[in-house]
Amino acid sequence: MTCEQFDQWLDAFLEGGLTSVRQGELAFHMEQCAECRARADEMRLVLAAATSLPRSIMPPRDLWPEIAGRLPARRRNPVAWNRWLPLAAAAVVLVAVTATVTWQLSRPSAPGPVFSASAPPAIVGFAADRDYVLAAEDLERVLAEGRQRLAPSTIALLERNLAVIDSAIGEARAALEADPANADLRALLWSAHRQKLDLLDRATRLTRS
Amino acid sequence: MTDPIQRAKAGDADAFRILYEGHVGRIYALCLRLAGDPAKAEELVQDTFIRAWEKLPGFRGESAFGTWLFRIAVNVGLSDRRATGRREARVGLTTDPEALPAPGRSADPGDRLDMERAIAGLPPKARAIFLLYDVEGYQHAEIAEMTGIAEGTSKTQLFRARRLLREALSR
């Protein structure tokens with residue numbers, strides 16, 4: 001095998017997509033050729049770097065007002081922007097707590113934190129609690145259909161992460177019952193719901209990867 | 001009718017906002033990397049959600065909403081590149097580091113920044129295929145269906161992108 005042939009087959013080699021005979025040929029060539037061995041190592045680094053990139057990055061500002069203003073009329077409901085309060089500061093607290101555990105789930109096939117550590121959610125509004133619950137249920141149904149395609153360790157990690165977020169949701173709800181007007185608590189509840197939706201979305205994608 | 005997708009399909013902008021909030025992070029990440037420019041990325045995000053709103057009545061749920069939306073973003077991003085004719089102009093441009101994703105918790109932040117810059121320097125088509133395959137985890141058949149290119153072209157572009165990145169990162 002020439003070095004050129006080695007490079008042609010390298011991608012499939014690293015992805016394990018070759019026959020065992022071909023795989024052996026490349027492995028043998030790599031043992032003999034320091035240059036190709038280095039090439040393979042560099043390519044492994046490229047692929048590892050790709051999988052470590054965050055797949056979710058919050059925009060630096062809230063884009064929704066402009067989007068809402070451009071939505072073509074389709075029995076559109078007006079959005080009362082002036083009612084939304086500046087809740088981002090409180091929301092980022094929960095993001096910081098849960099993003100780390102959420103990130104763990106995403107490795108290696110779905111890399112990166114759900115939220116950028118330095119980019120708090122720009123959205124300050126929130127929808128009704130039940131809307132998020134329904135959205136989560138929708139994703140959970142999709143996830144359940146592909147659950148058997150996940151490794152047991154991934155399922156376990158997913159469930160642990162969901163438990164953390166569900167616990168945060170439960171605590172925020174309980175606190176809100178005692179103090180319904182507390183905007184910070186509402187922001188925390190909102191953020192927890194978003195975390196759950198994002199995590200479920202990632203997990204759903206893992207079932208098809 | 002309480003499902004936000006169903007409500008948004010019926011014209012409820014508040015329900016559509018819930019969908020926006022749940023997906024904007026992934027869409028912005030994709031657009032930022034496709035465009036290599038934060039202002040353009042914001043524009044693409046807006047266009048993606050506007051187009052999704054327009055197409056939503058036809059969404060039948062054959063795929064997850066997030067997947068469906070992602071495909072719209074890919075097409076918006078690629079169409080923009082074709083329309084503006086700035087394909088080659090972007091090659092070699094270094095993205096403003098401040099605009100790139102904040103350091104992550106996993107890899108060395110310096111390494112990740114290098115990777116983001118190297119991706120921004122890829123030719124647009126190779127960049128898109130690399131993002132979809134190696135970052136987002138789509139298969140070539142899915143990418144072909146999503147972008148309208150042949151599977152073989154997707155493989156060729158990925159091969160090219162990986163080698164350009166290897167070269168850029170090993171300098």
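Here are a few short exercises on this two-chain structure, which is a predicted model.

**Exercise 1. Getting to know the chains**

Work out how many helices and strands there are in chain A and in chain B.

*Solution.* Start with chain A. Its secondary structure comes to eight helices and zero strands, so reading from the N terminus you get α-α-α-α-α-α-α-α. Now do chain B, which has nine helices and zero strands. From its N terminus, the elements go α-α-α-α-α-α-α-α-α.

**Exercise 2. Burial and contacts, chain by chain**

Find what percentage of each chain is buried, then look at how far apart in sequence the contacting residues are.

*Solution.* Take burial to begin with. In chain A, 39% of the 209 residues are buried. In chain B, buried residues make up 47% of 171. Next, keep just the contacts with a separation of 6 or more. Pairs 24 or more positions apart account for 79% of these in chain A, and for 60% in chain B.

**Exercise 3. Checking the span of a helix**

Does the end-to-end distance of helix 3 of chain A agree or disagree with what its residue count suggests?

*Solution.* Helix 3 of chain A covers residues 34-51, which is 18 residues. The rule is 1.5 Å times one less than the number of residues. That gives an expected span of 26 Å. The C-alpha atoms at the two ends are 26 Å apart, so the two agree.

Now list residues of this helix that are buried. They are A:Cys36, A:Ala40, A:Met43, A:Val46, A:Ala49 and A:Ala50. When you look at the spacing, keep in mind that an α-helix has 3.6 residues a turn, so residues three or four places apart point the same way.

**Exercise 4. Into the nonpolar core**

Which residues of the largest nonpolar core touch the most other members?

*Solution.* This core has 89 residues, and the ones to pick out are B:Tyr28, B:Cys31 and B:Val45. The largest share of the core, 15 residues, comes from helix 2 (residues 13-35) of chain B. Zoom in on B:Cys31: leaving aside neighbours within four places in sequence, it contacts B:Ala41, B:Leu44, B:Val45, B:Ala73 and B:Gly77.

**Exercise 5. A residue that reaches across**

Is B:Ile50 buried, exposed or partly exposed, and what does it touch?

*Solution.* First locate B:Ile50: it sits in helix 3 (residues 38-55) of chain B. Then count: 17 other C-beta atoms lie within 10 Å. Buried needs 20 or more and exposed needs 12 or fewer, so B:Ile50 is partly exposed. Finally, not counting residues up to four places away in sequence, B:Ile50 touches A:Ile67, A:Arg70 and A:Leu71.

Definitions and conventions:
Residues are numbered from 1 along each chain as its sequence is written. Chains are lettered from A and ligands numbered from 1 in the order in which they are written. This is a predicted model: local features need pLDDT of at least 70, side-chain atom pairs count only at pLDDT 80 or more; totals for chains, interfaces and linings use all residues. Helices (H or I, at least four residues) and strands (E, at least two) are DSSP runs, numbered from the N terminus. A nonpolar core is a set of buried Ala, Val, Leu, Ile, Met, Phe, Trp, Tyr and Cys residues joined through C-beta atoms within 7 Å. Two residues are in contact if their C-beta atoms, placed from the backbone, lie within 7 Å.
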